[in-house]
Amino acid sequence: MPGLYARWTAQQGHLFPWLPVCLGAGAGIYFALPQEPGPGTYFGLISIVVILALIASQGPELARPLFVAAMVLICGIVLAGLRAQWLAEPVLGFRYYGAVEGRVVLIDRSRSDRVRLTLDRLRLDRVAPAKTPALVRVSLSPDPEITAASVSPVPGMRVAMTAFLSPPEGPVEPGGFDFQRLAWFRGLGAVGYSRTPLLRLEPVPEGAALWIQRLRRRISLAVRAAVPGEAGGFAAAILTGDRSGISQATQEDLRRANLSHLLAISGLHLGLLTGVVFGTVRALLALIPWLALRLPLRKVAAVCALVAAAMYLALSGGNVATVRAFVMVAVMLVAVLCERRAISLRAVAIAALIVILLRPEAVTGPGFQMSFAATTALVAVFSAARDWPRVRLPRFSRPVLAVVLSSLVAGLATAPVAAAHFNRIADYGLIANLLSVPLMGAVVMPAAVLAAVLAPLGLANVGLAVMEPAIRWILAVATRVSALDGAVTQVSAPPGSVLPLLALGALFIILVQGRLRWSGVLLIAAGFVIWSGAGRPAVLISGDGALVGVMTPQGRALSKPRGQGFVARSWLENDGDAVDQPGAALRAGLVREKGAVWFDLGGSRVVHLSGRGAVERVGTACDGAALVILAADYEGSAPCKVLARDAFRRSGALALMAEGGGLKIRSASEVAGRRLWNSPGTRFTFWPFGG
């Protein structure tokens, strides 16, 4: 007779797939905390984990899964917090202009299409070594004259320039994307730009570190030389992860057609690569009877595929998405070696556990969420398909049906996550994927393997020649689909509770057995209801007071057509608004007169002053105004409330709402709380944490 725990798991599904859910939920709770936990808090949480473990071992069997779940959830909080402390590095505390010396560790391109360098081993004038960031990221000047006078950077080269650096910026609006947190976990202590030529201080030493980065760079340049144009940039991106050869326009077309996932070296690429290697090795060995009779061909092929995946991981640069994909593929290949089912929810759960243990910060990012949403949905659907009634189909139609079904399932699973993070839905994404993904699997990735095998013989161009027409087809599909009317639907940013509700609802449907599983439908419905009813702030003010956006019946009206472009674009995208900044500045709702911009908010006049002479106009602007927003420092007194630049340095971006006959102000710092990435003083000061 099975025990109570066995009966509970038989009714509710096995506990193991819920462990990464609980661990990830704990990490998510840590990032949502309003204040950084102190050492005492961690000691208390660890004590609770010990107590829960004792209760789970001695308590009622039926309740044990609940105690284990609570224990794992608390472990997620502790894990995320201690990793954040472990990664503590100095953050530049002021705006810096001067000489910057460092070693090039990464070369990529910014969103504005400028070459961008990540430097380590830094030296900054007038900055003590103990306060010098470990990494900085600098965008180089696009001026052709400056570029011509600059050295061509290579990973490992020590370079110098004159640059403007500043600490990583906080959210562009309260509750918005927090670049400070992202920079903290990437080790970036400052970001900036240079308008001077790049100088070489030291050549790349022979046998120095970063040789893989230099190899990636050489391969990327060779591929782009062999395959001209955007197709060469695409080929380099999927082979080495280097996207610097692809224009922003092409990347935008791929996003609008929902094909940008073909650029990111992720589960699709590693899955196709290992599938090609696994199938090829097994087929070749099967052709040799002596080996076929003496070797476990599946296991040998799995080992070869795992080695190929590890090499691809190293060549791609080892970013978060690729590491996550490698872990998932490695778990499945190890399952083959252990003669277990390779594709199962248990394998997905193991991969998720490993990724969260290694990088708990990944749970808040779109890559982790979209990757595991797609994988979990695909495994669940294809596992359920084994029990569907058998329908006889022509042999040639089965691969087509598999591609259609997998594209549909993955698209539906990732669409809410993509919409929440990127504020858009690619309406023709299924069509674009059906026209492109089969070529990726049948032509592009096998040709990539062929190019890699023939490269030592100097015949890599054979594989690249096979790859090029397929890539040009994919780019043509992206261009045509992205240009269709209604190709993209803009959506507004959801509240923070929406994605957890949607995820929990989907997991209930997939993992829970019996009628209780359909409660997941209610959770998903609740998430969409909250999303549809969520409003956007009536007024947004940038973190320096230089830009104001007022919500009107036509959409958000901006105070100026140029400047603060990233902030303006983020606001409009979060509104679900497809208009650009100049178009938003032409909207009615703001009154411009005598160097000032004013608007009415709930019966109160709000005035925005910027430019020369703004400080001198404060007294006049206060006449009849409840609030003056000033894009300058102000130390005097005024007959009305004044929000000046010095206040913005403490508060960050602001949101204004009319409430109870007055104005309610919500700041980015208030929502973000006092955390490590915005208040480095909260880090531990004792070993082994604190940088």
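# Questions on a predicted model

Arg-121 lies in strand E2. The model discussed here is predicted.

Me: What is the phi of Arg-121, a residue of strand E2?
Reply: Most residues other than glycine have a negative phi. Arg-121 is not a glycine, yet its phi is positive. The value is about 50 degrees.

Me: Is Arg-121 buried or exposed?
Reply: A residue counts as exposed when its relative accessible area is over 50%. Arg-121 has a relative accessible area of 55%, so the residue is exposed.

Me: Where is Gln-564 found, and what is its phi?
Reply: Gln-564 is found in the loop between E11 and helix H21 (565-575). With 26% relative accessibility, Gln-564 counts as partly exposed. Gln-564 is not a glycine, but it has a positive phi of about 55 degrees.

Me: Which strand pairs with E3 in the antiparallel sense, and which in the parallel sense?
Reply: Leu-117 stands opposite Val-138 in E3, and this belongs to an antiparallel pairing over 4 bridges with strand E2 (residues 115-124). Val-136 stands opposite Ala-190 in E5. That pairing is parallel and runs over 5 bridges. The antiparallel partner is E2, and the parallel partner is E5 (residues 188-194).

Me: How many residues of strand E3 (residues 135-139) are buried?
Reply: On one side of E3, Leu-135, Arg-137 and Ser-139 are buried. On the other side, Val-136 and Val-138 are buried, and both faces are covered. The count is 5 of its 5 residues.

Me: How many residues lie between E10 and E11 in their hairpin?
Reply: Strand E10 (residues 548-552) and strand E11 (residues 555-558) run antiparallel and are joined by 4 bridges. Within this pairing, Met-551 stands opposite Arg-556 in E11. The hairpin has 2 residues between the strands.

Me: How far apart are the end C-alpha atoms of helix H20 (residues 519-533)?
Reply: H20 has 15 residues, and at 1.5 Å a residue it should span 21 Å. The distance between its end C-alpha atoms agrees with this: 21 Å.

Me: Which residues of H20 are buried, and which exposed residues lie on the face turned away from them?
Reply: The buried residues are Gly-520, Gly-527 and Trp-531. They cover an arc of only 35 degrees around the axis, which puts them on the same side of H20. The face turned away from this buried side carries the exposed residues Leu-522, Val-529, Ser-532 and Gly-533.

Me: Which residues make the nonpolar surface patch of about 420 Å²?
Reply: One of its members, Val-466, is found in helix H18 (residues 460-482). At 41% relative accessibility, Val-466 counts as partly exposed. The patch is made by Leu-450, Leu-457, Leu-459, Val-462 and Val-466.

Me: How far apart in space are Val-444 and Leu-272?
Reply: Val-444 has its place in helix H17 (residues 429-454). At 0% relative accessibility, Val-444 counts as buried. Val-444 and Leu-272 are 172 residues apart in sequence, while their C-alpha atoms are separated by 9.5 Å.

Me: How many residues apart are Glu-36 and Arg-675?
Reply: The side chains of Glu-36 and Arg-675 meet in a salt bridge of 2.9 Å, N to O. The pair links distant parts of the chain: Glu-36 is in the loop between helix H2 (18-32) and helix H3 (39-58), and Arg-675 is in the segment after helix H25 (668-672). Both Glu-36 and Arg-675 are buried. In sequence they are 639 residues apart.

Me: How close do the N and O atoms of Arg-123 and Asp-125 come?
Reply: Arg-123 counts as partly exposed at 41% relative accessibility. Asp-125 counts as partly exposed at 25%. The two form a salt bridge, with the closest N and O atoms 3.3 Å apart.

Me: Which residue forms a salt bridge with Asp-633?
Reply: The closest N and O atoms of this pair are 3.1 Å apart. The pair links Asp-633, in the loop between strand E15 (627-630) and strand E16 (641-643), to a residue in helix H24 (residues 645-651), 16 residues apart. Asp-633 counts as partly exposed at 39% relative accessibility, and its partner counts as exposed at 57%. The partner is Arg-649.

How values were computed: Residues numbered from 1 in each chain as written. Predicted model: local features only at pLDDT ≥ 70, side-chain atom pairs only at ≥ 80, totals over all residues. Heavy atoms only, no water. Pairing = 2+ DSSP bridges. Expected span 1.5 Å × (residues − 1). Buried < 20%, exposed > 50% of the residue type's maximum accessible area, 1.4 Å probe, protein only. Arc of directions from axis to C-beta. Patch = residues over 30% accessible without salt bridge, like charges linked within 9 Å, V, L, I, M, F, W, Y side chains within 5 Å. Areas by Shrake-Rupley, 256 points an atom, 1.4 Å probe, with all protein chains shown as cover. Salt bridge = Lys/Arg side-chain N within 4 Å of Asp/Glu carboxyl O.
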